Amino acid sequence: MVTLKEALSLDEAQLKDIKKEIQAKAEQSKLNAYIGKIEASRDTGIPILIKDNINVRGWEITCGSKILQGYIAPYNASVIERLHHNGMCGFGRGNMDEFAMGSTSANSAYGPTLNPCDISRVPGGSSGGSAAAVAGGLAIAALGSDTGGSIRQPAGFCGCVGLKPTYGRVSRYGLVAYSSSLDQIGPIAQNVEDTAILFDAISGECSFDSTSAKQAPTQTASKLDATKRFKIAVLRDFLKDATQDIQDAYEHTISVLKEMGHEIVEKQMLATNYHIGAYYIICTAEASSNLARFDGVRYAHRAQDIQNLQELYIKTRSEGFGAEVKRRILLGNFVLNSGSYEAYYLKAQKVRKLIKEQYDNIFADADLILCPIAPSVAPKFGSTKTALEMYLSDIYTISVNLAGLPAISLPVGLGENDLPIGMQIIGKSFDEQSVLDAAYGLEQKIGQIGVRK
């Protein structure tokens, strides 16, 4: 598959051929990375796969859920308008965990997406369709969304690159909200340079999004510099929950960074169990509010043979939502009720503030932080027996969202059964340039690892 940088120099006739190639490959593929009919958001432009929770005018948008099947988006998300402005177009919907709730991309009404490195293993989630398509040679690049690692973790599991921007750097207008204070749209691409190009195309202030930062569109791709050297913090105490493969890859990456001339500093942070607790209280609370709108009145699915309004709500939501979404709505309602609000929700917000302060303290003495993406390589389907086990796969990514920071995932090696291992580089707010520069240099030193065709 051509890279995004290469595609920028192609004419429309060549891009048309690439779109035909992508469509043919997607239809023949067993990965289930695309869902529904593959459409283009306009006639011209470089094709970019769009996660199924981002509105594209005239397309069905379902968030991987039965409850929205048949709903047609009436407008374009801001990121789609920005793609059009920058010579790109939406091309196909990426499969995902229902309403972005999951770490496996198995919680989809369309069936699971498979990992192109090993189809018996999960591709990560919730942006698993986007990552699997890019890593499997079915897309030039893709847009995903990241609430607690949903861009970085699938990129790490599949062997491609994914960037979670600073909260507010990319407009959320047109993104179906899961957890409004955590969600961010970001790019998934074949390499760091492509990631920067796509990030620049979608970034910038948006008048339709009240949480959008008053920042001009970035120009990180033209400024990429692999020669910059940084003071990079490492969090070795985090690794007690990681497999030996991940620990070895972390130490090897540190050695490579030292060899490149970066300064390494040892730091510590609040134990990851506090991150998990705060994150799942906050995100489920926000999800229970955001998903209340799907009630059988205004959107796609509506239960039949109902006797009253209460029955309409109950039957519609029971039929339309999957098990994981129902679980998180129940958790969210519980932590927000009058008897639990102070005991759980307010305490979680205090822990969130503490996590942000700890990041600030680390960044007072470092430019960047190196951290694993997940405690293991991509697990096999069915190996996770409980919801809690799935939640624990996010232990290294969720604090970045709680603090609103930028972070990039890139492959640094191969572990068990030659499966990709990803590491993340975390930066200060709105310092995506340093994050991308460090990743760009590391990528060149280590080499690009994955299954890209």
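**Salt bridges and cavities: worked exercises**

Glu-432 is buried, with a relative accessible area of 0% (buried means under 20%, exposed over 50%, partly exposed in between, using a 1.4 Å probe and protein chains only). Keep that residue in mind for the opening exercise.

A quick word on the ground rules: this is a predicted model, where local features need pLDDT of at least 70 and side-chain atom pairs count only at pLDDT 80 or more, while totals for chains, interfaces and linings use all residues. Residues are numbered from 1 along each chain as its sequence is written, and side-chain values use heavy atoms, with hydrogens and water left out.

**Exercise: a link across the chain**

Task: find the salt-bridge partner of Glu-432 and work out which parts of the chain the pair links.

Solution:
- Start with the contact. Glu-432 meets the side chain of Arg-169 in a salt bridge, at 3.0 Å from N to O (the rule: a side-chain nitrogen of Lys or Arg within 4 Å of a carboxyl oxygen of Asp or Glu).
- Now place both ends. Glu-432 sits in helix 14 (residues 432–446), while Arg-169 is in the loop between strand 5 (161–164) and strand 6 (184–189). Helices (H or I, at least four residues) and strands (E, at least two) are DSSP runs, numbered from the N terminus.
- Count along the sequence: the two are 263 residues apart, so the pair links distant parts of the chain.
- Check the partner's surroundings: Arg-169 is buried too, at 7% relative accessible area, alongside Glu-432 at 0%.

**Exercise: a pair within one helix**

Task: Asp-360 forms a salt bridge with Lys-356; why are they separated by about one helical turn?

Solution:
- The closest N and O atoms of Asp-360 and Lys-356 are 3.0 Å apart.
- Both belong to helix 11 (residues 341–363), and because they are four residues apart there, about one helical turn separates them.
- Asp-360 is partly exposed at 38% relative accessible area, and Lys-356 is also partly exposed, at 27%.

**Exercise: buried or partly exposed?**

Task: sort the two ends of the Arg-121 and Asp-118 salt bridge into buried or partly exposed.

Solution:
- The side chains of Arg-121 and Asp-118 meet at 3.1 Å, N to O.
- Arg-121 comes out buried, with 5% relative accessible area.
- Asp-118 reaches 22%, which counts as partly exposed.
- For the wider picture, the count comes to 19 salt bridges, and Asp-52, Glu-60 and Arg-93 are linked in a network of them.

**Exercise: the second largest cavity**

Task: describe the lining of the second largest cavity and say which element gives the largest share of it.

Solution:
- A cavity is a set of points on a 1 Å grid over the protein atoms alone where a 1.4 Å probe fits but cannot get out, and lining residues have an atom within 4 Å of a point.
- There are three cavities of 30 Å³ or more. The second largest holds about 60 Å³ of space.
- Its lining includes Gly-156, Phe-157, Ile-246, Ile-373 and Pro-420.
- Helix 5 (152–158) and strand 11 (420–427) are the elements that give two or more residues to this lining. Strand 11 supplies the largest share, three residues.
- By class, the lining has seven nonpolar residues, three polar and no charged (Ala, Val, Leu, Ile, Met, Phe, Trp, Tyr, Cys and Pro count as nonpolar, Asp, Glu, Lys and Arg as charged, the others, Gly among them, as polar).

Note on methods:
1 Å grid on protein atoms, 1.4 Å probe; cavity = no way out; pocket = protein on both sides within 12 Å on 5 of 7 lines; lining within 4 Å. Points joined across faces, edges and corners; volume = space filled by probe spheres on them.
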